[in-house]
Amino acid sequence: MRRTPLTRTVPLARTPGLSRSPRERRAPRDTGPSPAVRKLVLERDGHACVCCGTSIDGRPYSLQHRKRRRQGVDNSASNLIVVLGTGTTGCHERSDSRRAPHDEAKGYTVRSWQDPALVPVMVMSGAEAGMSLYPTEDGRWSAEAPEGAAA
């Protein structure tokens, strides 16, 4: 059997002003929370890190997805918490990396099969001990477990 090498019959055309791939030509997707949800979460969390209770004023912070985006993007208020740092620094990095098992036990991250609204969060407030609260869809904290939450 004789094989012939594959050859390109038509050279690739490079049009000035166009990027090289269709993926690069697409506009970037904004998968983050809307400005209204962002404001709601910041106000609910008192402009402070939920994990340590430190004020975010003048510090890098982010809204962390408790249920990871790749597990199904959910930008609802019950899936977001305010944390100090970015995805690679501070409380955000520590809890997002899941290397500290107590972070999951405190509700800072949830697994793919869990509903964030049904998992309580240990909300720290400065030097005081934290309180276990449930985030609601309307941007509040509730001490009462919603229907369907594990006891």
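Q: What makes a pair of cysteines a disulfide here?
A: Their two sulfur atoms must lie within 2.5 Å. By this rule, the predicted model has zero disulfides.

Q: How do you know that Cys49 is in no disulfide?
A: The nearest cysteine sulfur belongs to Cys52 and is 3.7 Å away. The cut-off is 2.5 Å, so Cys49 and Cys52 do not count as a pair.

Q: What does the check give from the side of Cys52?
A: The closest cysteine sulfur to that of Cys52 is in Cys49, at 3.7 Å. That is too far for a bond.

Q: Why is Cys49 called buried?
A: Its relative accessibility is 1%. Buried means under 20%, so Cys49 qualifies.

Q: Why is Cys52 called partly exposed?
A: Cys52 has 28% relative accessibility. Partly exposed lies between the 20% and 50% limits, so Cys52 belongs there.

Q: Why is Arg70 called exposed?
A: Its relative accessibility is 71%. Exposed means over 50%, so Arg70 passes.

Q: Where in the chain does Arg70 lie?
A: Arg70 is in the loop between strands S1 and S2. Its C-alpha atom is 9.1 Å from that of Ser112, although 42 residues separate the two along the chain.

Q: Which residues line the largest pocket?
A: The lining includes Arg70. The other lining residues are Gly32, Pro33, Arg38, Leu63, Gln64, His65, Arg68, Arg69, His92 and Asp96. About 210 Å³ of space lies in this pocket.

Q: What makes Leu63 a nonpolar and Asp96 a charged member of that lining?
A: Leu is on the nonpolar list and Asp is on the charged list. Sorted in this way, the lining has two nonpolar, four polar and five charged residues.

Q: Which elements supply at least two residues of the lining of the largest pocket?
A: Strand S1 (61-65) and helix H3 (90-97) do. S1 gives the most, with three residues.

Q: Which residues of H3 are buried, and what do they pack against?
A: The buried residues are Cys91, His92, Glu93 and Ser95. They pack against S1, strand S2 (80-84) and helix H4 (101-105). Just after H3, Arg98 takes a positive phi of about 60 degrees.

Q: Which members of the largest nonpolar core touch the most other members?
A: Val50 and Trp141 do, in a core of 19 residues. Helix H2 (35-44), S2 and strand S3 (121-125) each give two or more residues to this core. S2 gives the most, with five.

Q: What is Trp141 in contact with, leaving aside its neighbours within four places in sequence?
A: Trp141 is in contact with Arg44, Asp45, Val50, Ile81, Val121, Val123, Leu133, Tyr134 and Pro135. A contact needs heavy atoms within 4.5 Å.

Q: How many helices and strands does the protein chain have?
A: There are four helices and five strands. From the N terminus on, they run α-α-β-β-α-α-β-β-β.

Q: What share of the protein chain counts as buried?
A: Of its 151 residues, 34% do. Each of these falls under the 20% limit on relative accessible area.

Q: What share of contacts between residues at least 6 apart in sequence join residues at least 24 apart?
A: In the protein chain, 52% of those contacts do.

Key: Residues numbered from 1 in each chain as written. Predicted model: local features only at pLDDT ≥ 70, side-chain atom pairs only at ≥ 80, totals over all residues. Heavy atoms only, no water. Buried < 20%, exposed > 50% of the residue type's maximum accessible area, 1.4 Å probe, protein only. 1 Å grid on protein atoms, 1.4 Å probe; cavity = no way out; pocket = protein on both sides within 12 Å on 5 of 7 lines; lining within 4 Å. Points joined across faces, edges and corners; volume = space filled by probe spheres on them. Core = buried A, V, L, I, M, F, W, Y, C linked by side-chain atoms within 4.5 Å.
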